[in-house]
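Me: Please take a close look at a single part of this structure and describe, in connected form, how that part is packed. I should like distances, angles and accessibility to be stated wherever they are available.

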Amino acid sequence: MPRITESRWLADHTALHAMMDLSDGLAADLPRLAEASGCGYKIDRDALPLRGNSTIDQALNDGEDYELLIAIAPTDEGLLLKSWEDSFPEVPLTRIGELTAENGDDLRGGFDHFNKA
């Protein structure tokens, strides 16, 4: 399900620097968010949430996830996590990395809507 309620809550309760949905997969959308923000990124692959028997490759490349990717200041993380848990106890919020001055990772892939495969 699209995270409409959660995105509105985040916009109202958080000092967001950026937010987008992961419609094309993390490997495609994180580089877009970083480029639009004028920075690089570094992800913690071991922190990526996996559903069922999903692999890290699937977590990076599958599209239409209906999940949100947000960027906040590190100093706001603790307060955000506590407020989030109080408001959405059934929806995990996971720190998967950080935006950096220079690119620390090179993600390629994502969901290609026009791929014939």
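Reply: Ser87 lies in helix H4, in what is a predicted model. At 37% relative accessibility, Ser87 counts as partly exposed, since the partly exposed class lies between the limits of 20% for buried and 50% for exposed. Along the sequence, Ser87 and Trp9 are 78 residues apart, yet their C-alpha atoms are 8.9 Å from each other in space. Ser87 is one of the H4 residues that take part in the meeting of H1 with H4, and that helix pair is the natural frame for the rest of the description.

Two packed helices are described by the angle between their axes and the distance between the axes. For helix H1, which spans residues 4-13, and helix H4, which spans residues 77-87, the angle is about 140° and the axes are 12 Å apart. Angles over 145 degrees would count as roughly antiparallel, and those from 65 to 115 degrees as roughly perpendicular; H1 and H4 are therefore oblique to each other. The crossing in which H1 passes H4 is right-handed.

Which residues meet in this packing of H1 and H4? H1 contributes Glu6, Trp9 and Leu10, while H4 contributes Leu80, Ser83, Trp84 and Ser87. By class, the residues of this contact comprise four nonpolar, two polar and one charged.

The aromatic residues deserve separate attention. A pair of aromatic rings is described by the distance of the centres and the angle of the planes. Across the whole structure, a search finds three aromatic pairs. One of them joins Trp9 to Trp84, with 5.6 Å from centre to centre and 80° between the planes, an edge-to-face arrangement. This pair links distant parts of the chain, as Trp9 belongs to helix H1 and Trp84 to helix H4, 75 residues apart. Both Trp9 and Trp84 are buried.

Trp9 has a further ring partner in Phe88. The centres of the rings of Trp9 and Phe88 are 5.6 Å apart and their planes stand at 85°, so this pair is edge-to-face. Here again distant parts of the chain are linked: Trp9 is in helix H1, and Phe88 is in the loop between H4 and strand E4 (97-100), 79 residues apart. The relative accessibility of Trp9 is 11%, so Trp9 counts as buried. Phe88 has a relative accessible area of 12% and is therefore buried. Ring pairs thus link Trp9, Trp84 and Phe88 into a cluster.

Helix H1 has contacts beyond those with H4. Ser7 is placed in H1, and its relative accessibility of 17% puts Ser7 among the buried residues. When residues up to four places away in sequence are not counted, Ser7 touches Met19 and Leu68.

Leu68 provides the step to the next region. The C-alpha atoms of Leu68 and Leu22 are separated by 6.0 Å, with their positions 46 residues apart along the chain. Leu22 is found in the loop between strand E1 (16-21) and helix H2 (26-37), and at 10% relative accessibility Leu22 counts as buried. Leaving aside neighbours within four places in sequence, Leu22 is in contact with Asp29, Glu64, Asp65, Tyr66, Glu67 and Leu69.

Asp21 is located in strand E1. Its relative accessible area is 38%, which means that Asp21 is partly exposed. Asp21 touches Asp29, Glu67 and Leu68, residues up to four places away in sequence not being counted. Between the C-alpha atoms of Asp21 and Tyr66 the separation is 6.3 Å, although these residues are 45 residues apart along the chain.

Asp62 completes the description of this region. Asp62 lies in the loop between helix H3 (56-61) and strand E3 (68-72), and with a relative accessible area of 38% Asp62 is partly exposed. Asp62 and Asp24 are 38 residues apart in sequence, and their C-alpha atoms are 6.9 Å apart in space.

To return to the starting point, Ser87 is a partly exposed residue in helix H4, and it takes part in a contact with H1 that includes the buried residues Trp9 and Trp84.

Conventions:
Residues numbered from 1 in each chain as written. Predicted model: local features only at pLDDT ≥ 70, side-chain atom pairs only at ≥ 80, totals over all residues. Heavy atoms only, no water. Axes fitted to C-alpha atoms, helices over the stretch in contact; angles between N-to-C directions. Helix = DSSP H or I, 4+ residues; strand = E, 2+ residues; numbered from the N terminus. Parallel < 35°, antiparallel > 145°, perpendicular 65-115°, else oblique. Left-handed = near helix turned anticlockwise from the far one by under 90°. Contact = heavy atoms within 4.5 Å. Nonpolar A, V, L, I, M, F, W, Y, C, P; charged D, E, K, R; others polar. Phe/Tyr/Trp six-rings, centres within 6.5 Å; stacked < 30°, edge-to-face > 60°. Buried < 20%, exposed > 50% of the residue type's maximum accessible area, 1.4 Å probe, protein only.
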